[in-house]
Amino acid sequence: MLSTDPFEVPEYLVTLARELPGLAVAVAGADHPVALESARRAAETGAIEPVLIGDADAIRAIAKEAGWELADTRILHEPDEEKKAEVAAALAKGREVAVIMKGHVHTDALMRAVLRRDAGLRTDRRTSHVFHMTVPGREGVLHVTDAVVNVQPDSGEMLDIINNAVDLAHALGTEIPHIALLSGAEVVNPSMPSSVQASEVAARAADGEVKGAVVDGPFGLDNAISLDAAQLKGIDSPVAGNADILVVPNIEAGNILFKQMVYFLSATAAGVVMGTKVPIVLTSRADPPEARLAATFIAAIVAAKAPSD
C-alpha cells in the first residue's frame, strides 16, 4: 500500500528559485548534518545565502566532512537551543535575513522566539502553516492548511489561515486560487459543527474578508478535488472539483490528510509558516531532503515577492 516512488522537487519551483537574488536565510540550529545539508543544497542553487546559527565548531566539522567550503558563509556561534532561535528572530527583526529556516531546534523554541511581542515579527494576522503538496508524475499543486499550528481555529482565525494561504498561492503564481472549506459533507448540518463553520466562513469571505480568491464550502474532500464527484452530486460552485487550497476544520484532519498523501502517493509536503513578517521553513525530522529544499524555495519566493514596508 505504501508508495515507493521517489520524492520530487517540483520543476517550476526550481525555475522560480533560479530567478531569486540569493536571499539571506537564518538557519536556526545548523549544527546538525540534516539541517546543514538542507542549507547546502539550497545555497548551491544560488537561491539563498545561509546564515548558520549553532555551535561553530560542530558546523565547520560537519561541513568539512560533507565537502562544503564555508569560506564566504556567515556563521554565528550559539550552542544554546533557545538562543539559536532568538538569534534567528533578531536577524529577521533587523532585516539581516528574509527567511528563517528551522534546523536542529524544537519547533516550540523557534515559534516562541518568533512570536514574542518584542521580537517584532508578529503581524495583525494569526500565524498559520501551509503545506505545498505535489505528487510525482502529476501536474498541479494542492495546498493544505492548517495541519501544524492551529489546533481548532474559530471562524476569525480560519479567515486569517485562508488569507495567509492566499498570499502564498499568489506569490507562486496562482492569480485567483480556489479555496475549499472541508467538512464531512457538502451540506450544512447542525450536528456537524465544521459544516456550520465552513458556511459562515464562506459567507464572510464573500463579503470581502478574503480578497483575490474564490472561497466556498462546506465540501467533502471528494467534491473539492473531483469534478466528476461534484457533478454527480449536482454541486454548482466554481470551487467544486477545482480546489487549489484545502482548508481543514482542525489540526487532526489536516495531519491525517497530508500524511496520507505523503505515504500513499509520495507527495512532497513542503511546509511554510505564514502570518509573520518573514516566512518560516518549518521542517520535521521525518521530512525527506526534497521537502526541505522545496519549502526553502517557497519561503524564499514568498519573501522576494513580499511588499516592502
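**View 1. The lining of the largest cavity in this predicted model.**
Here we're looking at the residues around an enclosed space: M158, L181, L182, S194, Q197, A198, V247, V248 and P249 line the largest cavity. About 40 Å³ of space lies inside. A search of the whole structure turns up one cavity of 30 Å³ or more. Which elements give two or more residues to the lining? They are β7 (178-182) and α7 (193-209). Helix α7 gives the most, with three residues. Sort the lining by class and you get seven nonpolar residues, two polar ones and no charged ones.

**View 2. Helix α6 passing α7.**
Helix α7 turns up again here, this time with helix α6 (residues 155-171) as its partner. Their axes come within 10 Å and cross at roughly 60°, so the two helices are oblique to each other. The crossing of α6 past α7 is right-handed. On the α6 side, the residues that meet α7 are S155, G156, M158, L159, I162 and N163. Their partners in α7 are Q197, E200, V201, R204, A205 and E209. By class, this contact has five nonpolar, four polar and three charged residues. Two names may ring a bell from the first view: M158 and Q197 take part in this contact, and M158 and Q197 also line the largest cavity.

**View 3. A cis peptide bond from T145 to D146.**
Stay around α6, but look at the loop between β6 (142-145) and α6, where D146 has its place. The peptide bond from T145 to D146 is cis. What is omega near for this bond? Omega is near -5°.

**View 4. A cis peptide bond from G217 to P218.**
Here's another cis bond to look at, running from G217 to P218, with omega near 10°. Is P218 in a strand or a loop? P218 is found in strand β8 (residues 214-219).

**View 5. Helix α4 against helix α5.**
Now for helix α4 (residues 81-93) and helix α5 (residues 107-115), whose axes come within 8 Å. They cross at roughly 40°, and α4 and α5 are therefore oblique to each other. As α4 passes α5, the crossing is right-handed. Which residues make the contact? From α4 come E81, E82, A85, E86 and A89, while α5 brings A109, L110, R112, A113 and V114. Split by class, the contact of α4 with α5 has six nonpolar residues, no polar ones and four charged ones.

**View 6. R95 and its positive phi.**
This close-up picks out R95, in the loop between α4 and β4 (99-102). Phi of R95 is near 60°, a positive value in a residue other than glycine.

**View 7. Helix α2 packing with helix α11.**
Last up is a pair made of helix α2 (residues 33-44) and helix α11 (residues 289-305). They pack at an angle of about 55°, and their axes are 9 Å apart. That angle makes α2 oblique to α11. The crossing of α2 past α11 is right-handed. Helix α2 makes its side of the contact with V34, S38, R41 and A42, and α11 answers with P289, E290, R292, L293 and T296. How do these residues divide by class? There are four nonpolar, two polar and three charged residues in the contact of α2 with α11.

How values were computed. Residues are numbered from 1 along each chain as its sequence is written. This is a predicted model: local features need pLDDT of at least 70, side-chain atom pairs count only at pLDDT 80 or more; totals for chains, interfaces and linings use all residues. Side-chain values use heavy atoms; hydrogens and water are left out. Axes are lines fitted to C-alpha atoms, for helices over the stretch in contact, and angles run from 0 to 180 degrees between N-to-C directions. Helices (H or I, at least four residues) and strands (E, at least two) are DSSP runs, numbered from the N terminus. Angles under 35 degrees count as roughly parallel, over 145 as roughly antiparallel, 65 to 115 as roughly perpendicular and the rest as oblique. A crossing is left-handed if the near helix is turned anticlockwise from the far one by less than a right angle, and right-handed if clockwise. Contact means heavy atoms within 4.5 Å. Ala, Val, Leu, Ile, Met, Phe, Trp, Tyr, Cys and Pro count as nonpolar, Asp, Glu, Lys and Arg as charged, and the others, Gly among them, as polar. On a 1 Å grid over the protein atoms alone, a cavity is a set of points where a 1.4 Å probe fits but cannot get out, and a pocket is an open set with protein on both sides within 12 Å along at least five of seven lines; lining residues have an atom within 4 Å of a point. Grid points are joined across faces, edges and corners, and a volume is the space filled by probe spheres set on the points.
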